[in-house]
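Trainee: I would like to go through this structure and ask how each label is justified.
Mentor: Go ahead; we will set values against definitions.

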Amino acid sequence: MLIVQIANLNTATVNYSLLPKQLLEDAKQLNESRRKQFLVCRSILASLLKQYCNIEMLPKIIIGDNSRPCFFEYSLPDFNISHSQDHVAVAISLAGKVGVDIEVARPRRNYLNVAKHFFADSEYQWMIKQGDSLKAFWQLWTLKESALKLYAKGVWQIKSVNVDLDNGMISAPFANHFYFQYQQIDDIHLAVNCNVPVTQLRLQY
């Protein structure tokens with residue numbers, strides 16, 4: 001099962017009882033806006049673990065490859081976090097690894113030029129054929145970003161991720177397994193990628 005929770009930082013609350021003291025101390029070193037985002041995301045992660053795994057306190061988190069956070073205990077579920085403007089998304093996978101990306105729908109200057117530079121020609125041609133090419137741009141962008149985050153790759157490798165939506169496939173030179181889903185919820189574009197088939201996606205918002 002794959003669980004994703006989306007939250008607005010302006011209205012989200014933090015359940016401090018689920019967070020270890022050391023994490024709260026670490027949060028004090030961050031500026032106010034970054035601290036809020038950090039604590040909300042960790043609180044959501046802890047709440048999901050309590051709800052689905054009966055874990056009462058957020059386990060120790062370390063920084064893995066390419067600054068990708070992960071649990072110190074590898075037997076615990078994989079997780080991934082994304083943020084855009086005032087929104088965050090936290091995903092946990094009860095089987096396999098997960099990458100998540102969200103983007104708040106918004107105008108983007110020169111997005112066609114960005115797409116020409118970062119997308120394959122087949123992706124660009126698909127995008128401009130859609131009724132709303134900006135929406136199609138964000139769909140491709142979030143799918144590419146979530147694929148990169150699944151395997152702890154950097155955004156500079158975004159061009160190496162090939163999204164073929166006509167055939168429902170994603171491919172990249174650094175991995176063989178991409179099982180993805182995309183949704184637009186209100187003004188939020190959400191994409192998730194897993195290295196195993198997604199048998200069930202539970203979205204909380």
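**Labels and their grounds**

Mentor: Leucine 58 touches Leu18, Leu19, Pro20, Leu23, Arg42, Leu45, Ala46, Leu49 and Phe71, not counting residues up to four places away in sequence. Contact here means heavy atoms within 4.5 Å. This is a predicted model, in which local features need pLDDT of at least 70 and side-chain atom pairs count only at pLDDT 80 or more, while totals for chains, interfaces and linings use all residues. Residues are numbered from 1 along each chain as its sequence is written, and side-chain values use heavy atoms, with hydrogens and water left out.

Trainee: Which residues have the most contacts inside the largest nonpolar core?

Mentor: They are Leu45 and Leu58, in a core of 28 residues. A nonpolar core is a set of buried Ala, Val, Leu, Ile, Met, Phe, Trp, Tyr and Cys residues joined through side-chain atoms within 4.5 Å. The largest share of this core, 10 residues, comes from H2. Another core, of 25 residues, lies apart from it and includes Phe119, Met127, Leu143 and Val163.

Trainee: Why is strand S10 called largely enclosed?

Mentor: Seven of the seven residues of S10 (residues 188-194) are buried, so the rest of the structure largely encloses this strand. Buried means under 20% relative accessible area, exposed means over 50%, and partly exposed is in between (1.4 Å probe, protein chains only). Strands (E, at least two residues) and helices (H or I, at least four) are DSSP runs numbered from the N terminus.

Trainee: Which residues of S10 are buried on each side?

Mentor: Ile188, Leu190, Val192 and Cys194 are buried on one side, and His189, Ala191 and Asn193 on the other. In a regular strand, side chains alternate between the two faces of the sheet.

Trainee: What makes S6 and S10 a pair?

Mentor: Two strands pair if DSSP finds at least two bridges between them. Seven bridges join S6 (residues 98-104) to S10, and the two run antiparallel. Seven bridges also join S9 (residues 179-185) to S10, again antiparallel. S9 and S10 form a hairpin with two residues between them, and aspartate 186 in the turn has a positive phi of about 55°.

Trainee: How do you know that cysteine 41 is in no disulfide?

Mentor: A disulfide is a pair of cysteine sulfur atoms within 2.5 Å. The closest cysteine sulfur to that of cysteine 41 is in cysteine 70, 16 Å away, so a bond is ruled out by distance. Cysteine 194 is in no disulfide either: the nearest cysteine sulfur, that of cysteine 53, is 14 Å away. The structure holds zero disulfides.

Trainee: Is cysteine 194 buried or exposed?

Mentor: Its relative accessibility is 2%, so cysteine 194 counts as buried.

Trainee: What makes arginine 106 and glutamate 103 a salt bridge?

Mentor: A salt bridge needs a side-chain nitrogen of Lys or Arg within 4 Å of a carboxyl oxygen of Asp or Glu. The side chains of arginine 106 and glutamate 103 meet at 3.2 Å, N to O, so the pair satisfies that definition. Glutamate 103 is buried at 9% relative accessibility, while arginine 106 is partly exposed at 26%. In S10, the bridge partner of glutamate 103 is histidine 189.

Trainee: How many salt bridges does this rule give?

Mentor: The count comes to six. One of them joins lysine 50 to glutamate 56, with the closest N and O atoms 3.8 Å apart.
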